[in-house]
Amino acid sequence: MNVRQRTINKEISASGVGLHTGANVTLTFCPAPENHGFKFQRVDLDGQPIIDADADNVTDTSRGTTITQNGASVSTVEHVMASLVGMDLDNVLIKLDGPETPIMDGSSIQFIDLLEEAGTIEQNADREYFTIPHNITYTEADRKVEIVAMPLDDYRFTCMIDYNSPVLGSQHAGINTIAEFKKEIASCRTFCFLHELEYQLQHNLIKGGDLNNAIVIVDKEVTKDELNHLAKLFNRKDIDVAPQGILNNMELRYQNEPARHKLLDMIGDLALVGMHLKGHIMAARPGHAANVAFAKKIKAAIKKEKNKKIQKVYDPSAKPLYDIVQIMDILPHRQPFLFVDKILELSKNHVVGVKNVTMNEEFFKGHFPGAPVFPGVIQIEAMAQVGGILVLSTVPDPRNYLTYFLKIDNVRFRAQVLPGDTIVFRCDLLEPIRRGIAQMKGVGMVGEKIVVEAEMMAQISKIKQIEPAQ
């Protein structure tokens, strides 16, 4: 049974301070269309730039996870991201009027409460999962970090932390399914050691820090004078050390709350993969840098699996969805500038087409005739024509429309294409078509090998009819 994508029912906002910047900020969760994913928008900056919540956009993991794109950054995104995954959402725009998400109480529970108040709605598009196909591992020997993702038809987490602290000790936390996030994990707050707190205060690194939004673990002997100094810094009448080895400003919500919070961070950071996952994630001593590095390994595995699917879809003996005659009824191109021979698959969001490369092509007469190579520019044109089939499938009568390509980005030619090769092109919409503008990611493969990939933007334009002379 297919699961449908979900967004929220209405806009909803919360205000607070950023942990590191101390800046007052308002965060607004907004409904978003199908296949939008999670994106942040800096509404306080010129042009209100949008930042995709993507592991490839991470620029800092020193004191939280920071993402940067289009000249704008958002810091400490992990608690917000964890709440979106915990609420089983797919498409949300998060507007911010500052450089950092509000820290709230140091957990995700207040974001969960907001999203529940907004309500969620089911959308028409099916959700796409990535099921971990085999063990994916990540290690940092010097920090004794180990993370592994294992195949499982659910989303399960197990986390262990060990800071060689006699107070904190070794702690474990886990959930059997992401549905347990709200009850078991969402309310678990961030933590730090007293020596880290002192360093950060001295270097003005936590301008929004408050004893209401972090558990402070006392990992050394402290004098009454030191405690009085901390009380003064945080405008407290009195501070002492509780029997559990933490400052007595708050009580632990769980005995292993620090381990549960590390699990929360991991869920938020792995949300930057950009896709719902199915697998069992086990981690020892994780941190933001390791989480993001692991997210990138999962993204690489997703890309590899998608490329395998492209290769498997081509069967020379299979009946095509569209043959060359049907293609010519859709595309305006003709020989020698028609570079699609078959269409194998077509959906609302993707298309798969085939180009057979033969020595009979006109351009081989002048393009390295002694060592014929299929020109890269024509590979892109062939990919664009396959994408044109997808774009024109959205209009009433394709014969009355043309597609003009506006932009081509991130083109990579990975291997030569020679006469006798068959290129299988797959183009996927990066977001829904709006105002006649389509954005696609295209990949071309020969066998199991990627030969070309690119991102393309095209515009649908209706053919102007010439009125007959009167």
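Of the 470 residues of the protein chain, 49% count as buried. The model is predicted.

**Exercise 1. Overall make-up**

Task: State how many helices and strands the protein chain has, and what share of its contacts with a separation of 6 or more joins residues 24 or more positions apart.

Solution. Start with the secondary structure: there are nine helices and 24 strands. Next, take the contacts with a separation of 6 or more; residues 24 or more positions apart account for 70% of these. Finally, turn to the surface. The accessible area of the chain is about 22,700 Å², and carbon and sulfur atoms contribute 48% of that area.

**Exercise 2. The faces of strand β2**

Task: Determine which side chains of strand β2 (residues 12–17) are buried and which are not, and describe how β2 pairs with β3.

Solution. Begin with the general rule: side chains in a regular strand alternate between the two faces of the sheet. Apply it to β2: I12, A14 and G16 point to one face and are buried. S13, S15 and V17 point to the other face and are not buried. Then consider the partner strand. β2 pairs with β3 (residues 24–31) in the antiparallel sense, over six bridges, and I12 stands opposite F29 of β3. Last comes the connection: the β2 and β3 hairpin has six residues between its strands, and G22 takes a positive phi near 75°.

**Exercise 3. The annotated binding site**

Task: Locate the residues that the UniProt record annotates as "binding site", and decide whether H261 and D265 are buried or exposed.

Solution. The unreviewed UniProt entry places this annotation on H79, H261 and D265. These residues are spread over 187 residues of sequence but cluster in space, with a largest C-alpha distance of 9.5 Å. H261 lies in helix α6 (residues 257–270), and D265 lies in α6 as well.

For burial, the cut-off is under 20% relative accessible area. H261 counts as buried because its relative accessibility is 1%. D265, at 6%, therefore also counts as buried.

For surroundings, leave aside neighbours within four places in sequence. H261 is then in contact with H79, G106, C188, R189 and T190. On the same basis D265 contacts E78, H79, H288 and N291.

**Exercise 4. A nonpolar surface patch**

Task: Name the residues that form the nonpolar patch of about 250 Å², and classify V411 by accessibility.

Solution. The patch is made by I408, V411 and F413. V411 belongs to strand β21 (residues 401–413). Its relative accessibility is 34%, so V411 counts as partly exposed.

Technical notes
Residues numbered from 1 in each chain as written. Predicted model: local features only at pLDDT ≥ 70, side-chain atom pairs only at ≥ 80, totals over all residues. Heavy atoms only, no water. Patch = residues over 30% accessible without salt bridge, like charges linked within 9 Å, V, L, I, M, F, W, Y side chains within 5 Å. Areas by Shrake-Rupley, 256 points an atom, 1.4 Å probe, with all protein chains shown as cover. Salt bridge = Lys/Arg side-chain N within 4 Å of Asp/Glu carboxyl O. Helix = DSSP H or I, 4+ residues; strand = E, 2+ residues; numbered from the N terminus. Buried < 20%, exposed > 50% of the residue type's maximum accessible area, 1.4 Å probe, protein only. Contact = heavy atoms within 4.5 Å. Pairing = 2+ DSSP bridges. UniProt positions renumbered as here; feature names shortened; annotations may be inferred.
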